[in-house]
Amino acid sequence: MKLVRRKILGALAALPMLGMIPAGAQAQEKIVIGEINSYTRLPAFTEPYKKGWELAVEEINAAGGVNGAMLEVISRDDTGDPATAIRIAEELTSKEGAVMLFGTFLSNIGLAVADFAKQKEVLFLASEPLSDAIVWSKGNKYTYRLRPSTHMQAAMLAEQAAKLGKKKWATVAPNYAYGKDAVAAFKAELTKLQPDVEFVEEQWPPVFKIDAGSTVRALEASKPDAIYNVTFGGDLAKFVREGSLRFLFEDRPVVSLLSGEPEYLDPLGGEAPEGWIVTGYPSTDIKTPEHEAFAAAYIAKWGEAPKTGSIVGYNSVLAIKAALEKAGSTETEALLAAMEGLEVASSPTGPFMFRAADHQSTMGAYVGFTALVDGKPKMADWFYADGAKYLPSEEEAAKLRPAE
Amino acid sequence: MGFYVAQLLTGLANASSLFLIACGLSIIFGVTRIVNFAHGSFYMVGAYLAYTIVTTLDGGIFGFWFGVVVAAVIVGLLGLLVEVTILRRIYHAPELFQLVATFGVVLIIQDAALAIWGAEDLLGPRAPGLDRAVRIMGEPIPEYDLALILIGPLVLAGIWLVFHRTRWGVLVRAATQDREMVGALGVNQAWLFSAAFVLGAALAGLGGALQIPREAVSLQMDLSVIGDAFVVVVIGGMGSVAGAFVAAVLISVLNAFAILIFPQISIVLPFIVMAIVLIVRPYGLFGKEGSEHGAPSEPEQPLRLLSSRATIVVMALVFALAASPAVVSDFTTILLVDVMVATLFAVSLHFMMGLGGMVSFGHAAYFGVGAYAAAMAVKFAGLPMIPAMLIGPLGAAAAALFFGWFCVRLSGVYLAMLTLAAAQILWGVTFQWQDFTGGDDGILGVWPAKWASSDRVYFYIAFVLCVGGIWFLRRVAHSPFGYGLRGIRDSDVRAEAIGMDVKFHQWMGFALAGGFAGLAGVVFAFSKGSVFPDVLGIGQSVDGLIMVLLGGIHALAGPIFGAGVFVLIEDWVSRLDYWRFIFGAIILVVVLLAPDGVAGGVDRLLRAVGLRREERA
């Protein structure tokens, strides 16, 4: 018993020492940014993303940093679990001294961290999640989003779909919020442009567990004129294989969300379907000076062509740099003020800005056709669709958000 | 008509794939009684190996089938490695403990596959000679589907022949029915177990290899099949290969037609079918009575009250925990809240499994119902935090009362699988019913009330609720009710003979465990500010299971050790690259060093250094 008491007393006596651990060691000029993403759960998408932001951080620091300070990004794996993401966010902000957070890929983790940002009053730039809810129905003062949302990309495709003049459409989408949003947005936008359109069949396979043969047959049975696809990753490969075996795509245009992104298109190899209308990223085919410089640096550093995630990661850090420079400080209030209407004058994909009304960036996506060139899948006849054109007006968007 | 025939054929082709995965699992369970979580990993490795071999050889029809067979053989050898180096050493551990080891193997293989084959999905070649569709009644049917429809029954016939026409097969069947007797007759069990494990692993590898013409090989393959494979094995009856075949056909064909009418059903269909089958036939379609339990383990030592010295130590630790917010950083208090939540969750599961003898693979259901009930009370009814905290456990207990009524009618692995079905059905409803539960976008903004919003105040709320809950369950363990539960676990026949209402006792135990899991869920919801369907998911249930088993199922302190070790190690290693590999390796080391769990290991260590005296019986 004595022993215990002595130990407790000893521990108590040591208490004041804890305050002496140099919390102020960041006296040398550096700005810590917290980053969270699903590195083990979805490495195919998050690895290129990580390479993208690492490149941007390296370039910025080589050029002297931001406001005279070096950028330091502390990056953590959320293991694909929203609760873990929250714990990490706590650690990054309360222990590591991160002045803001960015990252996340899965929509539910994006939403969880956004809600955390609101509660703990810290700026969060949602880099990759596509969910409309992040900026609209569940938007908040502290959360901004970079990547063109589900709604924007669906609207880009609806514009092209309307030109086809097909009447009977079937949809296939993974059965979760992203798939549901993507189908709802496409239906709404296409109906606006082509009021006589009919949706004759919907298939909702579980995400990453599609029973492709049965799904293809169910779509075929409805004899649609055209198909809108939202499946991606392994589901897309299965769907394409079963669909082409069973002649589902014969004489039937397919409009497909995200399928032009190298993350999804490259694995299809020589079996990639030709002539699908897709949103995506034509990578090294983009010949603007900004993009060529980015692609050259990326290839020099990583030895592979950039993917969609790379550009999202890279642009995230560009946006953060712009915000820090505009704010001139790392205080959350100053950063929030800077984010409102923040313009990023130059990026590999062209200029974009963050809308003050709904916190969505106007970064766009590339729309084109899938094609095979020398047996390799590519995007052909693409153009850059500026995100601003596919967003509701700022007044309308503000109404979609909850009152602060 | 042609359309329906074609849909049927599609279903049958899927059934063959599913059967190939499930039959190996069934054989392994039948003989060794190991619930093999790594089976999905063997399947994934088979697919990756086949991809590598087939694309490297590029040798037409012969090259393809050669690649498939070689991949299966290599996976069989991998199975041998796992069996000989790990599992063989822990066959005498408590029931189900081996699944912790296979969980470690899952983690290691995930990262190994990532390191070897990279993150990107790999789309293999189609099967040469079978790469087109033929028209049957006017409908296009892929030739490869027809090949699969043949391969499934061929493998079934092969297994049947081996089991009925070879001495080894007869021994395997005998071991499935009565291991002890087979051992007593002088059969070398170690050799029999290895062989069964190798065969099962090779079949999983074959199943994976045969998938490459149908789907891209990806790192998600392992976890995406394991749930369905278990369902098929259980519906068929554990250990029955023919049963697995019938179950695979049943599920696949049902799914092929169900998605024509109600496309959203796919996510829960297998679990609904399993729940119905288990309620009607408690041992699955072809399972035999007695197929539900592992080897009878040594009878457990009776529980003892803590000695006065131990009480002092425990009290000191509790006080140290209570005083910790004064010492540690804000983030550590948050981590400690996570540890306390996990501990209460694990203790409630241990109450069911360790004391009640009712293994649950779906305990997350009640954790999740608690979290959701509280979150919805805040969001929809606008209740303040404290009343919402009351509603959570009540809701969880109500759900446990409902599902428990069905579950306690079963036992062993079948009971465990019915709890899993209940959890998956709840998960499916939560996931799908967007208007009510928010779907996978979850419920946000469930933060503590203003007065409790500081990390420290919330720490004390969590402290009171979690430590209080753990203390209460411990009290119950030493109450007459707890003694009754343990009596039923050890011998339900004798318990019944002395006039105890066995089912009622178990039912109440189930509900109590569910209620406290719900309490853990409530504390969790307010600490994270949001709830998502993941809280009801298989991952959460498995985490709980691993904590209980890793900690040591035979000690009341087991789940406390298990949860603490699990959460803290995971938090630490997930900072590193390839952390799953490291985490898996740590689990294997713990498993090999302490086959009686961390609690057992600590106990032996204390005795070895003389800090704890041998107890006199």
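# A tour of two interfaces

Begin with a single pair: select A:Lys120 and B:Asp455, whose side chains form a salt bridge, 3.3 Å from N to O. Keep in mind that this model is predicted.

Now widen the view to the whole boundary of chain A and chain B. Ten salt bridges cross it by the rule. Polar contacts link 26 residue pairs there, both partners at pLDDT 80 or more. Colour the chain A side by class: 26 residues are nonpolar, 15 polar and 23 charged.

Next, show every residue in contact. Chain A gives 64 and chain B gives 71. Together the two chains bury about 5900 Å², with 54% of that on carbon and sulfur atoms. On the chain A side, select A:Arg87, A:Arg217 and A:Arg241. These lose the most area to chain B, together 13% of what that side buries.

Hide chain B and stay with chain A. Colour domain 1 as 28-149 + 287-364 and domain 2 as 151-282 + 367-390. Their C-alpha centres lie 28 Å apart. Where they touch, 25 residues of domain 1 meet 19 of domain 2. The buried area is about 1800 Å², 57% of it on carbon and sulfur atoms.

Which residue forms a salt bridge with A:Arg147? Select A:Glu261: the closest N and O atoms of this pair are 3.2 Å apart. The rule finds one salt bridge across this domain interface. Twelve residue pairs are in polar contact between the domains, both at pLDDT 80 or more.

Last stop: on the domain 1 side, pick helices H3 (43-62), H11 (289-302) and H12 (308-327) of chain A, the elements giving two or more residues to the side that touches domain 2. By class, that side has twelve nonpolar, ten polar and three charged residues.

Note on methods:
Residues numbered from 1 in each chain as written. Chains lettered and ligands numbered in written order. Predicted model: local features only at pLDDT ≥ 70, side-chain atom pairs only at ≥ 80, totals over all residues. Heavy atoms only, no water. Contact = heavy atoms within 4.5 Å. Buried area = accessible area lost by both parts, 1.4 Å probe. Salt bridge = Lys/Arg side-chain N within 4 Å of Asp/Glu carboxyl O. Polar contact = N/O pair within 3.5 Å; in protein donor to acceptor, adjacent residues only side chain to side chain. Nonpolar A, V, L, I, M, F, W, Y, C, P; charged D, E, K, R; others polar. Domains from an automatic or database assignment. Helix = DSSP H or I, 4+ residues; strand = E, 2+ residues; numbered from the N terminus.
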